[in-house]
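Visitor: I would like to discuss strand pairing and surface exposure here. Could we proceed by short questions?

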Amino acid sequence: MGRSSCSGLLDMGREKKGRLTVESSEEGRGRKRETGQIGSGVELYLIGDERHGPDDGGVDLKFCDGVDSKLYSYTKSFSGFVANLTTEEAQKLKGMEGVMSVFPNENKQLHTTRSWDFMGFPKNVNRTTFESDIIIGMFDTGIWPESESFNDQGFGPPPKRWRGICQESSNFTCNNKIIGARYYRSNGQLIGQGDFDSPRDSEGHGTHTASTAAGNLVSGASLLGLGLGTARGGVPSARIAVYKICWSRGCSDADILAAFDDAISDGVDIISLSVGGLPKDYFKDSIAIGAFHAMKNGILTSNSAGNSGPSPGSVTNVSPWSLTVAATTSDRKFVTNVKLGNGELYEGISINTFDLKDKMFPIIYGGDAPTIGSDPADSSLCLAYTIDKKLVEGKILLCDMALDGEQQLATGAVGTIMQDTAFPDVAFSYLLPASSLGLKKVSELKHYYNSSRTPTATIQKSIEGKDKLAPYVATFSSRGPNRITRDILKPDLTAPGVDILAAWSEATTVTRDEGDTRIVPYNIVSGTSMSCPHATAAAAYVKSFHPTWSPAAIKSALMTTAYPISVGRNTDEEFAYGAGQINPTRAINPGLVYDAGEIDYVDFLCGQGYSSEFLRLVTSENNSCPQTTKKLASHLNYPSFTLSSKSKSVRTHVFPRTVTNVGSPMSTYKAIVNAPAGLKIEVIPNVLSFKSLGQKKSFLVKVTRLKTKMDHIIISGSLIWYDGVHQVRSPIIAQVYS
């Protein structure tokens with residue numbers, strides 16, 4: 001059996017006597033690097049301590065034969081290491097004293113300016129001078145430092161508390177806007193063609209997310225004329241620290257943990273991470289582990305919810321100490337009209353920068369142009385190698401499925417019209433003139449195609465339209481329920497993530513596909529990767545007004561002041577949008593916050609079944625779980641309320657909560673309850689009176705889901721604490737699951 005790599009997060013706490021001294025053999029990495037190669041079976045091991053002998057209470061790694069077992073260590077903000085092990089050695093390691101967790105070092109995937117104005121967050125919004133001291137850690141594909149979005153004109157030196165570095169190279173330098181940059185590549189892992197062995201971005205994704213969060217104001221920005229206007233981030237005065245964890249082949253768990261280790265030590269204020277994988281046990285998930293230690297150090301981690309919607313239970317990054325962000329539309333959409341030879345005009349969806357000058361071209365249906373031996377059912381979908389180039393060249397190809405355009409371009413088509421029923425609310429860029437139409441419009445177009453002797457069409461350049469139904473959650477945005485802890489609502493909230501114009505890497509093209517020659521400084525992209533940095537910026541904005549607030553307080557402020565979303569386009573309700581769409585201007589003055597700290601999350605983890613010994617390894621504190629009653633997940637002081645049950649019969653649950661007054665010193669809040677049919681909600685007491693800032697008041701919310709014959713997956717209500725000025729709103733949901 002071949003050797004894989006093991007890595008270990010150790011006790012993940014404060015520095016301890018006897019810990020191995022780590023020396024950097026690579027400039028700026030801050031961790032000892034050993035020889036050795038990581039193969040395709042890389043495994044990550046999270047260990048109790050890195051002291052090497054059993055006599056001093058550490059983990060004995062002598063069974064890892066060969067000096068190349070260990071690859072590198074995490075030592076700054078938590079403890080851990082990566083090493084090569086066989087599967088048998090990994091199993092042996094799992095059973096050793098002090099081992100916290102063992103899991104494979106897998107690759108996670110990326111989740112991919114008008115939006116700020118649409119949220120009611122204009123460029124002249126009230127700001128503090130402290131915004132320029134806020135440091136956002138961007139964990140992504142790197143950055144394109146020459147972009148005007150990162151020009152440091154007018155910026156002073158980095159904040160004095162900044163302890164990070166810039167891993168400069170022949171093709172990369174930092175400035176007073178991009179104040180730090182690191183890159184991570186698991187030892188021996190080959191980079192892909194076009195990747196830069198530096199913090200420079202070759203993919204575009206990291207540049208886009210960084211400029212969305214904290215890019216400068218850049219007038220005249222557009223994608224080849226589309227979306228023309230001023231591009232800007234939510235906190236344009238903030239500083240950016242780049243942690244390149246992702247390459248063309250994905251984002252390694254080992255590198256994600258290394259970035260957390262550095263970023264916490266460097267002194268970032270907020271971490272933005274538009275990356276994810278399948279939902280996992282919290283301490284077999286590198287992002288949840290890193291975010292836990294960030295939380296311990298007062299740093300909120302903002303995560304994308306994933307792009308696997310609208311499937312139920314697809315939401316990822318679900319740890320309660322992180323902020324999980326879904327994606328909504330804004331009121332701007334891009335439409336691409338298809339004009340037929342009979343004069344009919346069909347409004348389709350795409351981002352089409354190509355201009356055919358209204359020239360008409362013959363239409364050919366993929367099902368009528370199969371290669372010899374191909375099934376017309378396959379060629380109707382325009383699948384690779386099923387289309388006869390001789391029949392298609394110079395024509396507009398009609399396909400029954402939306403593809404990326406590579407297949408159509410390879411056939412010699414001048415354009416393509418595609419049927420797309422999967423993503424009717426998001427526009428994509430293609431390699432050639434393209435427009436996506438719904439089923440009804442494609443059926444009408446086929447009728448014209450079949451009834452005309454010489455059917456022709458042209459595809460016009462995209463134009464901006466108005467989406468009057470916005471905001472609503474995009475089809476692709478991952479949905480709840482939370483499959484790891486059902487009594488914690490995820491996603492937490494939502495932010496714009498559809499058709500977002502932001503900076504782009506000029507080392508790649510608009511689509512990043514082979515055959516695309518369009519190199520642009522700004523691009524229009526969609527995904528929860530784009531919504532996440534919106535929430536990151538909103539969190540940074542709140543922190544600029546309240547530098548001492550905990551990550552939970554900032555998260556609470558964002559959730560309880562969010563705009564409620566209409567259920568008209570989102571029948572999955574809070575499982576789609578959480579508490580609602582972020583409203584940064586209200587979030588700086590939420591009135592009350594639901595605060596929580598490390599001990600609250602430890603109590604939560606006790607209730608999830610983690611042992612006292614395990615939690616001591618995690619926290620480096622002498623924490624222990626109660627021997628009698630353990631707290632339920634629903635008892636965590638969370639800004640939302642979730643009642644889960646497998647039974648449709650009557651069920652009652654009591655949620656204890658505590659709020660902290662951050663509004664007016666002398667204030668009285670009254671509970672306003674919205675309880676739809678099927679829910680009974682009682683708040684005890686229903687009036688909270690405060691006499692000072694920082695004062696805490698506790699209350700109970702008694703929720704009863706009444707017996708019903710309805711098959712609703714979710715019934716939702718809300719609780720609002722109102723003092724005449726502040727409305728502190730929390731969603732209350734009841735779900736039945738099988």
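Visitor: Which residue in E35 is the bridge partner of Lys-680?

Guide: The model is a predicted one. Strand E33 covers residues 679–684, and 6 bridges join E33 to strand E35, residues 696–705, in an antiparallel arrangement. In E35, the residue that partners Lys-680 in a bridge is Thr-704.

Visitor: Which strands are the edge strands of the open sheet with the order E29-E31-E35-E33?

Guide: This open sheet is formed by 4 strands with antiparallel pairing. An edge strand here pairs on one side only, and this applies to strand E29 (592–593) and E33.

Visitor: Is Ile-684 in strand E33 buried, partly exposed or exposed?

Guide: Ile-684 belongs to strand E33. Together with Val-654 and Leu-700, Ile-684 makes a nonpolar surface patch of about 210 Å². Buried would require under 20% relative accessible area and exposed over 50%. Because its relative accessible area is 39%, Ile-684 is partly exposed.

Visitor: Which residue in E28 stands opposite Ala-502?

Guide: Strand E27 spans residues 500–503, and 4 bridges join E27 to E28 in antiparallel fashion. In E28, the residue opposite Ala-502 is Asn-523.

Visitor: Which residues of strand E28 point the other way from Tyr-522 and Ile-524, and are they buried or exposed?

Guide: Strand E28 comprises residues 522–525, with Tyr-522 and Ile-524 pointing one way. Asn-523 and Val-525 point the other way, and these four residues of E28 are all buried. The names asked for are thus Asn-523 and Val-525, both buried.

Key:
Residues numbered from 1 in each chain as written. Predicted model: local features only at pLDDT ≥ 70, side-chain atom pairs only at ≥ 80, totals over all residues. Heavy atoms only, no water. Buried < 20%, exposed > 50% of the residue type's maximum accessible area, 1.4 Å probe, protein only. Helix = DSSP H or I, 4+ residues; strand = E, 2+ residues; numbered from the N terminus. Pairing = 2+ DSSP bridges. Patch = residues over 30% accessible without salt bridge, like charges linked within 9 Å, V, L, I, M, F, W, Y side chains within 5 Å. Areas by Shrake-Rupley, 256 points an atom, 1.4 Å probe, with all protein chains shown as cover. Salt bridge = Lys/Arg side-chain N within 4 Å of Asp/Glu carboxyl O.
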